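Colleague: Please give me a close look at one part of the surface, and then relate it to the side-chain contacts elsewhere. I should like each term explained where it is first needed.

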Amino acid sequence: MNWTQFLFRLIEPVVPPRFVIKRLLLLIPVLFGVASVVFAILHLAPGDPAIIIAGQRASAEQLEQIRVELGLRRPLWEQYLSFLWDAARFDFGQSYSISRGNSVRSVISDRLPITLELAIYGQAAGILLGLPLGIISAVKQDSLTDHVTRIGALTGISVPIFWSGPLLILLFSTYLDVFPTSGRIASTLFLPDTWTLFGRELPLTGMITVDTILLGNTEAFLSAAHHLFLPAVVIGVYSTALISRMMRSSMLEVIRQDYIRTARAKGQGAKITLMKHGFRNALIPVVTVIGIQFGTLLGGAVLTETVFGINGMGLTIVTAIGVSDYPVVQGTVLTFALLFTLVNLFVDVTYSYLDPRIQQ
Amino acid sequence: MTQRGEPPRLRQYVAARARLVGSGLVVGLLLGGLGMAGWTLYTGDARSSEATVFALGALVFGFGLLGWSGSILAGRGIEAMQEHMDTRSNWTERDSRRAMARLCGSGGGIMIGTSVVAALL
Amino acid sequence: MSTDTETRGTLGRLRASPFLADLLTNRLAVVGLTIIFSMAAVAIYARVTYDLGALASSQLGTEVADRSPPGWLGSAAANQQLFGTDAAARDIYKRCLYGAWLALKFGTITVGLSTTVGVGLGIIAAYYGDVTDNVIMRTMDVLLAFPPLLLALALVAIFPRDLGLWRAVVALVLVYTPRFARVVRGAALKVLEDEYVDATVALGATDPRVLIRHILPNTLAPITVQSTLNFGLAIIDLAALSFLGFGAQAGTPSWGLMLSRGVENGLLTGEWWLSFFPGLFLAITVLGFNLLGDGMRDALDPRMREAVD
């Protein structure tokens with residue numbers, strides 16, 4: 001199979017829709033499962049929600065009133081069922097403290113795109129750089145390139161994001177002043193809430209680089225990209241290192257297998273053999289692991305957002321846990337879980353493209 | 001032929017699953033009821049022990065549900081990863097699903113058992 | 001009879017296997033080992049020499065200036081601190097050295113606990129099989145499916161705040177245990193296939209005896225590799241939790257906490273030494289463990305070293 005065929009395979013609808021629908025239906029038990037676990041955490045966690053809302057000095061009557069309002073005086077099974085029902089509608093009520101008075105849903109819809117954007121750029125950089133680096137490293141095993149790549153990758157996963165981030169800020173922002181220290185766009189720029197397509201007003205995505213393109217505002221786009229560059233680099237280095245390490249080991253395993261040797265013995269050029277047989281087979285395990293690694297990336301986003309002061313889901317969850325803003329914790333945890341599941345679903349489908357044997 | 005064969009097969013299908021979840025449920029009911037009663041005797045506060053034991057039940061139930069759907073969703077990925085990581089394990093999606101269905105049942109049982117005892121107390 | 005086979009089984013295997021020789025010819029692994037030993041020496045030195053209370057409390061108001069740059073940089077003779085001082089006028093050099101003690105101590109506790117629990121669960125799962133195996137391993141699988149740092153954050157939220165760094169330790173033990181359980185179960189299954197285990201059981205050995213004297217020693221190699229690789233992770237994750245405010249208590253000279261203070265106080269004003277040195281120590285230590293772990297894995301798995309051409 002050559003490259004054009006490979007590309008055709010990608011476009012061809014080889015995955016039956018039933019397969020995808022079945023997988024999507026599984027999101028329902030995932031949602032209820034996470035909601036149950038979150039419910040358990042809320043009731044096992046120390047701290048009384050009534051005190052968090054009303055403050056330490058509230059009187060006993062005030063606290064009791066809040067408890068009744070929150071439904072904490074109803075039987076547990078009733079609380080549990082209404083909690084599940086709320087989770088199913090994605091309704092977690094209002095934030096206790098970090099965004100007081102706003103619904104958790106609006107907090108999440110504000111902040112999710114910010115994290116998604118960061119994660120997408122980080123993952124894209126990781127895949128685009130990590131795969132080739134891993135392949136080169138495997139093909140030229142024990143060469144200088146291999147050693148440099150391996151040590152680089154090892155350093156990449158050893159350097160914590162919360163150190164490389166501050167150092168980059170210090171160097172490029174504080175001293176050289178070529179990148180901004182924080183924020184998502186220059187403070188002098190303001191974006192409208194909607195954009196127009198064929199005369200119709202549509203809401204923006206919340207991903208600032210996408211929005212500025214949709215609005216056709218070049219200056220704003222450049223400013224947004226400028227702001228996003230350092231955080232994306234920090235997160236990208238980490239995922240590049242991870243992916244190149246996985247690709248190297250997976251590729252080595254494939255190269256060692258007999259059919260590659262046979263193909264080579266038959267006189268085919270080493271590079272062609274590699275591309276023809278090696279890459280696709282080596283990619284299969286890497287693709288599955290990329291899905292699972294997306295979780296690590298989300299963890300990285302938590303740290304990156306904290307370092308760069310980006311107000312996304314990661315910073316939100318950290319602040320919310322810190323001040324015991326439980327509705328926000330619930331909402332963010334559930335969103336993270338669904339996101340993680342969706343990415344793995346996507347990976348699952350990609351996987352069946354690569355290895356059609358697997359489809360049931 | 002197939003039509004006559006179908007009803008018993010459906011019954012078997014349901015019965016096998018019911019037995020799996022049911023066995024967990026019974027264990028859970030006992031655990032929940034005893035846990036609730038014991039915890040209340042220990043702390044002397046029925047409301048807080050109901051919250052604790054019920055929450056533990058919800059934890060087990062949610063964990064099981066996640067595991068159940070997770071093993072279907074990511075079963076292949078896990079199998080590939082285990083093979084790749086060179087850990088010998090005869091992990092199968094089926095075993096995983098069954099174990100998780102049991103956990104789900106017992107989690108549900110704990111919640112029901114706790115609620116029943118709490119209502120009686 | 002069994003004592004004889006054992007000596008040959010464990011010690012003999014270790015000596016005969018090219019594992020140690022391989023490891024020592026692996027230059028990167030030796031570098032890693034050197035880093036770890038130096039860090040351990042630094043840690044013990046700091047633990048013996050410095051007083052934790054003095055390092056943790058604010059030095060504001062003494063003759064030492066706060067936020068003064070490293071001694072070899074500033075022209076002012078006012079300070080002699082090698083790495084400068086932080087916002088509370090504490091000596092960053094001493095705090096970094098003491099941080100090594102904290103990192104290695106809590107790293108050892110975290111990895112030690114998760115190894116013990118994981119090894120126990122893994123061996124039991126492999127030996128008893130069937131329902132026991134399924135319940136243990138499937139639970140481990142679900143835990144393993146969660147993104148590590150996010151799971152640790154969720155767990156940290158459950159534990160009472162006054163546990164301090166222990167809250168992070170317990171959360172991470174729960175996060176790491178499944179990995180050990182899985183690796184050990186795999187290795188134990190391989191041992192169980194050997195006939196001599198059957199033979200010892202036939203000779204009347206009891207379950208605990210078989211588990212401890214026959215299976216455990218033979219799973220030591222994969223356990224060691226996993227522990228080493230996890231040590232680096234544990235140190236980073238502990239620091240990350242401290243950085244996010246869910247680990248060490250304020251004032252503690254832990255690298256993660258120092259970094260978080262450095263980001264808070266020195267990022268915009270360019271006081272780079274506040275975050276540079278603690279992070280450097282952290283990164284070097286973690287790199288040491290990763291180098292060693294990688295080297296060990298290569299030495300254990302000869303297939304990985306086999307040249308392609």
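Modeller: A residue is called buried when its relative accessible area is under 20%, exposed when it is over 50%, and partly exposed in between, using a 1.4 Å probe and protein chains only. This is a predicted model, in which local features need pLDDT of at least 70 and side-chain atom pairs count only at pLDDT 80 or more, while totals for chains, interfaces and linings use all residues. Residues are numbered from 1 along each chain as its sequence is written, chains are lettered from A and ligands numbered from 1 in the order in which they are written, and side-chain values use heavy atoms, with hydrogens and water left out.

I begin with B:Val116, which counts as partly exposed because its relative accessibility is 45%. This residue belongs to helix α3 of chain B; helices (H or I, at least four residues) and strands (E, at least two) are DSSP runs, numbered from the N terminus. Together with B:Leu25, B:Leu29, B:Ile112 and B:Leu120, B:Val116 makes up a nonpolar surface patch whose accessible area totals about 440 Å². Patches take residues with over 30% relative accessible area and no salt bridge, joining like charges within 9 Å and nonpolar side chains (Val, Leu, Ile, Met, Phe, Trp, Tyr) within 5 Å. Accessible areas come from the Shrake-Rupley method with a 1.4 Å probe, and for residues only the protein chains shown count as cover. A salt bridge is a side-chain nitrogen of Lys or Arg within 4 Å of a carboxyl oxygen of Asp or Glu.

Which helices of chain B each supply at least two residues of the nonpolar patch? They are α1 (2-43) and α3 (93-120), and α3(B) gives the most, with three residues.

The UniProt record adds context for chain B. Its unreviewed entry lists residues 20-42, 54-78 and 99-120 under "transmembrane region"; positions follow the numbering used here, feature names are shortened, and annotations may be inferred rather than shown by experiment. In the model, residues 20-42 of chain B are 100% helix and 0% strand, with end C-alpha atoms 33 Å apart. Residues 99-120 of chain B are likewise 100% helix and 0% strand, and their end C-alpha atoms lie 32 Å apart.

Chain B also contributes to an aromatic cluster, in which B:Phe54 joins A:Phe39, A:Tyr80 and A:Phe83. Rings of Phe, Tyr and Trp (its six-membered ring) pair if their centres lie within 6.5 Å; planes under 30 degrees apart count as stacked, over 60 as edge-to-face and the rest as tilted. Over all chains, this rule yields 12 aromatic pairs. In chain C, the pair C:Tyr45 and C:Tyr50 is edge-to-face, with 6.0 Å between centres and 80 degrees between planes. C:Tyr45 is partly exposed at 44% relative accessibility, whereas C:Tyr50 is buried at 14%. C:Phe231 and C:Phe289 are stacked, because their ring centres are 4.4 Å apart and their planes lie at 5 degrees. That pair links distant parts of the chain, since C:Phe231 sits in helix α11 (residues 220-243) and C:Phe289 in helix α13 (residues 273-300) of chain C, 58 residues apart. Both rings belong to buried residues, with relative accessible areas of 13% for C:Phe231 and 7% for C:Phe289.

I turn next to the charged side chains. Side chains of opposite charge can pair when their charged atoms come close. The structure holds three salt bridges over all chains. A:Asp146 and A:Arg248 form one of them, at 3.0 Å from N to O. This pair joins distant parts of chain A, namely helix α8 (residues 144-158) for A:Asp146 and helix α11 (residues 218-256) for A:Arg248, 102 residues apart. A:Asp146 and A:Arg248 are both buried.

Another salt bridge connects A:Arg89 with A:Asp86 at 2.6 Å, N to O. Here A:Arg89 is partly exposed at 38% relative accessibility, and A:Asp86 is partly exposed at 26%. In chain C, the closest N and O atoms of the salt bridge between C:Arg261 and C:Glu264 are 3.2 Å apart. About one helical turn separates C:Arg261 from C:Glu264, because they are three residues apart in helix α12 (residues 255-266) of chain C. C:Arg261 is partly exposed at 33%, while C:Glu264 is exposed at 56%.
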